[in-house]
Amino acid sequence: MRREKHSVRRRQKEQRSIKEKVGSTLLWIFQIVVTVMFAFVVVFFFGQARTNVGESMELTLADGDRVLLNTLAYRAGNPARGDIIAFKPNGSTTSHTHIKRVIALPGETVQIKDGMIYINDKVYLEKSDYPSMTNAGLASDPITLGVKEYFVLGDNRNNSEDSRYADIGLVDADYIEGKVWIRIFPTDSFGLVE
């Protein structure tokens, strides 16, 4: 009788042990699945990396800097003046991604006179001290933007191919890849990009 009770207790103990092991294994699998899904969402929406090519964004980004894009930002809203965006000029599939700062928004009229930016005939004063522009390019005459068009400039205003030139031109919202969010390389410059 004692042996039977002892045997029953041992089987019950083994069954509890098996249930606990199965439960902890399932919990472990669940945690891994949740972590992988979270990582996928973060990388897909906030982890697309691009490399800044050239000196046009100097003061903010150097040639070769790697940045992460926030690709969700413009699904919920639109680029704002001052945002730094990544885009393909004219929707080109063969061109590298360009990174520039948004200056004028859809429906606005932009012009560059005497090195100054005018938006809707008013001088646009920027928060940072950018050099006076020596070449207005196409913006020497007023340019009125369409409902999905943005006028962009590089921060290195006198060494930038941007909306002032036909090769880049106005940026259509459909060709914007995302908002530049974080510089990840070089590592000593890691941080938010403003």
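In the predicted model, a salt bridge is formed between Glu108 and Arg81, whose closest N and O atoms are 2.7 Å apart. Glu108 is located in the loop between strand 4 (98-104) and strand 5, while Arg81 belongs to the loop between helix 2 (73-76) and strand 3 (84-87), so that this pair ties together parts that are 27 residues apart in sequence. The two partners were also assessed for accessibility: Glu108, with a relative accessible area of 12%, is buried, whereas Arg81, at 30% relative accessibility, counts as partly exposed. Elsewhere, Arg101, Glu126, Asp155 and Arg157 are joined into one network by salt bridges that share partners.

Across the whole structure, the search returns 9 salt bridges. One of these involves Glu177 and Arg50, for which the closest N and O atoms lie 2.9 Å apart. Because Glu177 is situated in strand 11 (residues 176-185) and Arg50 in strand 1 (residues 48-51), the pair ties together parts of the chain that are 127 residues apart in sequence. Glu177 counts as partly exposed, its relative accessibility being 22%.

Strand 11 contributes to a further pair, in which Arg183 of this strand is linked to Asp65 in the loop between strand 1 and strand 2 (66-70), the two residues being 118 residues apart and thus in distant parts of the chain. The closest N and O atoms of the salt bridge between Arg183 and Asp65 are 2.7 Å apart. Both partners fall below the cut-off for burial, which is under 20% relative accessible area: Arg183 is buried at 14%, and Asp65 is buried at 5%.

Turning to the strand pairing, an open sheet is formed by 4 strands in the order 7-6-5-8, with antiparallel pairing. Strand 7 (122-123) and strand 8 (143-144) stand at the edges of this sheet, and because each has a single partner strand, one side of each is left without a neighbour in the sheet. Strand 8 pairs with strand 5 (residues 109-113) in the antiparallel sense, over 2 bridges, and within this pairing Thr109 stands opposite Thr144 of strand 8. Strand 5 is also one of the two strands that bound the loop holding Glu108, the residue that forms the salt bridge with Arg81 described at the outset.

How values were computed: Residues are numbered from 1 along each chain as its sequence is written. This is a predicted model: local features need pLDDT of at least 70, side-chain atom pairs count only at pLDDT 80 or more; totals for chains, interfaces and linings use all residues. Side-chain values use heavy atoms; hydrogens and water are left out. Two strands pair if DSSP finds at least two bridges between them. A salt bridge is a side-chain nitrogen of Lys or Arg within 4 Å of a carboxyl oxygen of Asp or Glu. Buried means under 20% relative accessible area, exposed over 50%, partly exposed in between (1.4 Å probe, protein chains only).
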